[in-house]
Structure formats: structure tokens, C-alpha cells
Amino acid sequence: METSLETATAHEALSWVFETFGERTALSTAFGPGGVALMHLASQVNPGAKVFFIDTGFHFDETLDMIQRIQTRMPVDIEVVEPTLSLERQALIHGDALHVLNPDQCCELRKIEPTKRMLTRLDAWVTALRRDQGPTRAKLPVVDVREVDGRRLVKVNPLVTWTRKDVWQHVHAHGLPYTPLHDRGYSSVGCRPCTRPSRDGTDERAGRWAGRKKTECGMHTQI
Ligand code: SF4
């Protein structure tokens, strides 16, 4: 069944994951347009679908505003998950510029740790990853069976064949909310200190960790 989903539509992949894993399924989002489209589809397939958002403590206000905007627009149940280490403790232990000095460690503490903790409660993790987002994502399958800390976890990517244009068409066609940062030149939005506006038409993630070799936080490469 899992391999036959390679040609499934987003609706079909979502139906399969909710039917197979039920309450042990959740979507993750950082409220980019892909995540918004995914939540919209999931809320149609399974009203009240569980969603989690990792609040690193470094998000833009416009991103945080999306929690309320989405919940008033569609039936999804958004859980905000915070890192174990508070920003204050992180600053005491590592200084207040870990994102500059060692962004991999900062992402580990603020994104990977809370994500892994959340995943211990799940059997299926649904993402808005797409193949056209860059070379590290170009070969992603629809269904990706992973082992995380000794447990089997099924990662499902229903939008994997969608393009950026498809995502925006869906968002606009349904009048869905999106962060106004996208109208100010941010093609991809992550944490405030590590995100710059970018109008690079070929790489939508060019504004993330701009000027560094880093292209991923590790959430989707380590897990
Ligand atoms: S994206 Fe930047 S601020 Fe956010 S967790 Fe990673 S290094 Fe830290």
C-alpha cells in the first residue's frame, strides 16, 4: 500500500494516513503556504486534524499570528510545542548568539529536540515537503518509513509533487490566510535571525541561513 501511494493525490495520501494511523497522526507546520494548503486539505479529510508547531522562541510575530488566523479559518487542532531549554537558559549556557556561532546546535536545541519529543506520541508524521524546494528534497517519496530513536515512524509527504505555483494557487483559490512576510519578499520563512527576504526565483529557500552553507535545520534530514 505504501509504495502504491507514490502516485496518490494529496487527498488520497491524507485519507490513507488518517485511516491507517488515526489519532497517532499529526501534521507539522511553520505556517508557510505549503503548510497552510496541507492543513486545509487535512481539515477536509479529517476535521479536527492534529497539527503541531515548534515555537523556537525566534519566530516572527507574523508567523505567531497565523495560529489564530488558521484556527478561525479551518477545523484543525494546533498544538504549540516549545523546546525543553528556555531561551533564557540557552543564553545563560551558550550565550545569546548561538544561532550565529553554532546554528546547527541552536537548531538541535530549538527544533530537533522538541520535534523528536512530539514524535514519541505519534506513529505518522505528515509534512508539506515538496521535491521542488531544492536539491535536498528532490527525491523525497510520498511515504517514508523512518526509525526514530528505535521506533518506527511513517513520514508522509502528500504535497511532494506539488510545485510552489500549485501551492500558491491553492492558497489563493480558497482565500486561505498566509503571512504578510511573503508579500514583502520572504519566499520562505523560518526563525527571524536566520531568515532574509529573497527573490531568487530558482531557490525558494535562498533566504534561509543566507551566506552560510547550512540549508536545512535538520528536522527533515536527521529525522
Ligand atoms: S533557524 Fe536559527 S534561530 Fe532558529 S533554531 Fe535554527 S539557528 Fe536557531
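## The ligand shell

Seven nonpolar residues, one polar residue and two charged residues make up the shell around the ligand (Ala, Val, Leu, Ile, Met, Phe, Trp, Tyr, Cys and Pro count as nonpolar, Asp, Glu, Lys and Arg as charged, the others, Gly among them, as polar). This is a predicted model, in which local features need pLDDT of at least 70 and side-chain atom pairs pLDDT 80 or more, while totals for chains, interfaces and linings use all residues. Residues are numbered from 1 along each chain as its sequence is written, and side-chain values use heavy atoms, without hydrogens and water.

Let us meet the residues themselves: Phe58, His99, Pro103, Cys106, Cys107, Arg110, Lys111, Cys191, Cys194 and Trp209 surround the ligand (a heavy atom within 4 Å of it). Helix α6, residues 103–119, supplies five residues of this shell, the largest share (helices are DSSP runs of H or I, at least four residues, and strands of E, at least two, numbered from the N terminus).

## The sheet

Now for the six-stranded sheet, which is open, has mixed pairing and follows the order β3-β2-β1-β4-β6-β5 (pairing takes at least two DSSP bridges). Because β3 (76–81) and β5 (143–148) each have a single partner strand, one side of each edge strand lacks a neighbour in the sheet. On average, neighbouring strands are turned by 30° against each other, direction ignored.

Strands β1 (residues 25–28) and β4 (residues 124–126) run parallel and share three bridges; Thr25 has Ala124 in β4 as its bridge partner.

## Helices on the sheet

Helix α2 (residues 33–45) packs on the sheet, where it touches β1, β2 (49–54), β3 and β4 (heavy atoms within 4.5 Å). The direction of α2 makes about 155° with that of β1 (angles run from 0 to 180 degrees between N-to-C directions of axes fitted to C-alpha atoms, for helices over the stretch in contact). Helix α3 (residues 61–73) lies across β2 and β3, at about 155° to β3.

## The β5–β6 hairpin

Strand β6 (residues 151–156) runs antiparallel to β5, joined by six bridges. Val145 stands opposite Val154 in β6. Two residues lie between the strands of this hairpin, and Asp149 in the turn has a positive phi of about 50°.
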